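Trainee: Could you go through this model with me and explain how each term is earned?

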Amino acid sequence: MEIFNSMTRRKEEFVPIEPGKVRMYACGPTVYNLIHVGNARPIILFDVLRRYLEYRGYEVTFVQNFTDVDDKIIKRANEEGISSREVAEKYIAEYFKDAKALGVRPATIHPRATETMDEIIDLVRTLVDKGYAYAVPSGDVYFRTLKFPGYGKLSHQPIEDLQSGARIDVNDEKENPLDFALWKAAKPGEPSWDSPWGKGRPGWHIECSAMNRKYLGPTIDIHCGGEDLQFPHHENEIAQSEAANGVPFVHYWMHNGFLNIDNKKMSKSLGNFFTVRDAAAAYGYEPIRFFMLSAHYRTPLNYSAESLQQAQAALERLYTARDNLRFLAEHGAEGEMTPAEREVLDAAESFRERFDAAMDDDFNTADAVSVLFEVVRAANKATGPDQKPTRDGAKALLGLMGEFTDVLGLLYDKSEDDLDAKVEEMITKRQEARKAKNWAEADRIRDELKAMGIVLMDTKQGVQWKRD
Ligand code: AMP
Ligand code: ZN
């Protein structure tokens, strides 16, 4: 399995620290509003990454944080007249609603900054003790950037360039413009915690270093996040963690490309964003997931109505194929598989190999999705109207299709039960229409059911139905 490592800028063979185990960390959202479609890109991608690692037999510990103390949260709290904690609680709950609806499993651990305060303070203290950080009279604590020799290595920026680019603030208490805050002295009306430097709260970067150390250890396998986090956030995480722990922080850095809109990064600050909630109201959640998988994660991806509609149509094809196979698994011919079915299943190993090869090549989900569609096309052909599809054949083909949809986390939306419930509901509506002598409506519902492949049978016991 090869991963493109942003640190070395090349694809590298994946070798875990501990055989059979993967420790991975993703920087999670700052919880002050609903996530937008751009935020959904890393969330969906890293969910697929984790699923694929598990499918390959790894035991994965996946940590994703919630930044629940921050300027933006405090601002939101003041606007709404509630506490920062209430803002964070609210948007963490909203995050989980969206994530679940996008088919994203909860991480192994979702630590919050406010619940990691002891470890954060501990880490800052270690950095001060080692001379990598200093407190200033106001009560802020800064990282002494120039003391850390590798600063700039992830974003490939020579320290001289960074220095000449840094903004110099006249009133600054910092020794150097490149120094960044580990701890910020409390301001009136803001949430704060006791520390050796007085009351205050953590800077943004330190929580990730503290959480990594607490839950995954000093060195982890994979650290991921959007491309925009490389600098300064991840650069600062490296400096903090490596200065404190004295060992390499991360073996593989993975960064997703931007989700764009009209070729500009979708972002809150530009105002060119759609929340996942709104996009899902228009297209459904699962098409958003499918859309993200349709491109390689490092390439830019353009959000548009057409691309979401294409995703809807593609998913519809997958659902139709699965419903058809499910029906045949119950109502197909009994006995031995047909030669056509056997032929597809004989190729199962080669489908798997190509699916794995795509995913092994730096998680090329776009190619993996193509392999899934090849399986679907072959299955449709082998079970078409000109064939005599069998129950055993249909079951085996369902299993094959399911191997791939499970790794990609697709087809989670409409379960068989949902479909049955929908049919029952439509039949009841049709009965009501007939009672009211609304024949046009009754016929319309019957036609709609027919289009769904449902045949109605009027029997003495009432209306019964079957899949055509
Ligand atoms: P933010 O809300 O900006 O802190 O971003 C949270 C996560 O979403 C980070 O991993 C970002 O890199 C990622 N992200 C934000 N905007 C985009 C975008 N337009 N495309 C891809 N990833 C994004
Ligand atoms: Zn982080």
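Mentor: Let's start with pairing: two strands pair if DSSP finds at least two bridges between them. Strands themselves are DSSP runs of E with at least two residues, while helices are runs of H or I with at least four, all numbered from the N terminus. This is a predicted model, in which local features need pLDDT of at least 70, side-chain atom pairs count only at pLDDT 80 or more, and totals for chains, interfaces and linings use all residues. Residues are numbered from 1 along each chain as written, chains are lettered from A and ligands numbered from 1 in written order, and side-chain values use heavy atoms, without hydrogens and water.

Trainee: What makes strand 3 and strand 9 a pair?

Mentor: Strand 3 (residues 21-26) and strand 9 (residues 220-226) share 3 bridges in the parallel sense, and the rule asks for at least two, so they qualify as a pair. One residue to look at is Y25, whose bridge partner in strand 9 is H223. Helix 6 (residues 206-215) packs on the sheet and touches strand 3, strand 4 and strand 9; touching here means contact, with heavy atoms within 4.5 Å. The direction of helix 6 makes about 160° with that of strand 3, on a scale from 0 to 180 degrees between N-to-C directions, with axes fitted to C-alpha atoms and, for helices, over the stretch in contact.

Trainee: Which strands are called edge strands in the sheet with the order 4-3-9-10?

Mentor: That open sheet has 4 strands with parallel pairing. Its edges are strand 4 (59-64) and strand 10 (250-256), as each pairs on one side only. Neighbouring strands there are turned by 20° on average, direction ignored.

Trainee: Why do strand 5 and strand 8 stand at the edges?

Mentor: They belong to another open sheet of 4 strands, with the order 5-6-7-8 and antiparallel pairing. Strand 5 (133-135) and strand 8 (200-202) each have a single partner strand, so one side of each has no neighbour in the sheet. From one strand to the next, the twist averages 20°. Strand 5 runs antiparallel to strand 6 (residues 141-143), with 3 bridges joining them, and A133 stands opposite F143.

Trainee: How many residues lie between strand 1 and strand 2 in their hairpin?

Mentor: There are 4 residues between them. Strand 1 (residues 2-5) and strand 2 (residues 10-13) run antiparallel and are joined by 4 bridges, with F4 opposite K11.

Trainee: What is the phi of R9, and where is the cis peptide bond?

Mentor: R9, in the loop between strand 1 and strand 2, has a positive phi of about 60° although it is not a glycine. The bond from F231 to P232 is cis, with omega near 0°, and P232 lies in helix 7 (residues 230-245). Both are worth pointing out because most residues other than glycine have a negative phi, and most peptide bonds are trans.

Trainee: How do you know that G226 makes a polar contact with ligand 1?

Mentor: A backbone N or O atom of G226 lies 3.2 Å from an oxygen atom of ligand 1; a polar contact is a pair of N or O atoms within 3.5 Å, so this one passes. A polar backbone atom of L259 is 2.7 Å from a nitrogen atom of the ligand, and a polar side-chain atom of K268 lies 3.4 Å from a ligand oxygen.

Trainee: How many residues surround ligand 1?

Mentor: 14 residues do, and the closest are N39, G226, D228, L259 and M266; the cut-off is a heavy atom within 4 Å. Helix 1 (residues 37-55) gives the largest share of this shell, 3 residues.

Notes: Polar contact = N/O pair within 3.5 Å; in protein donor to acceptor, adjacent residues only side chain to side chain.
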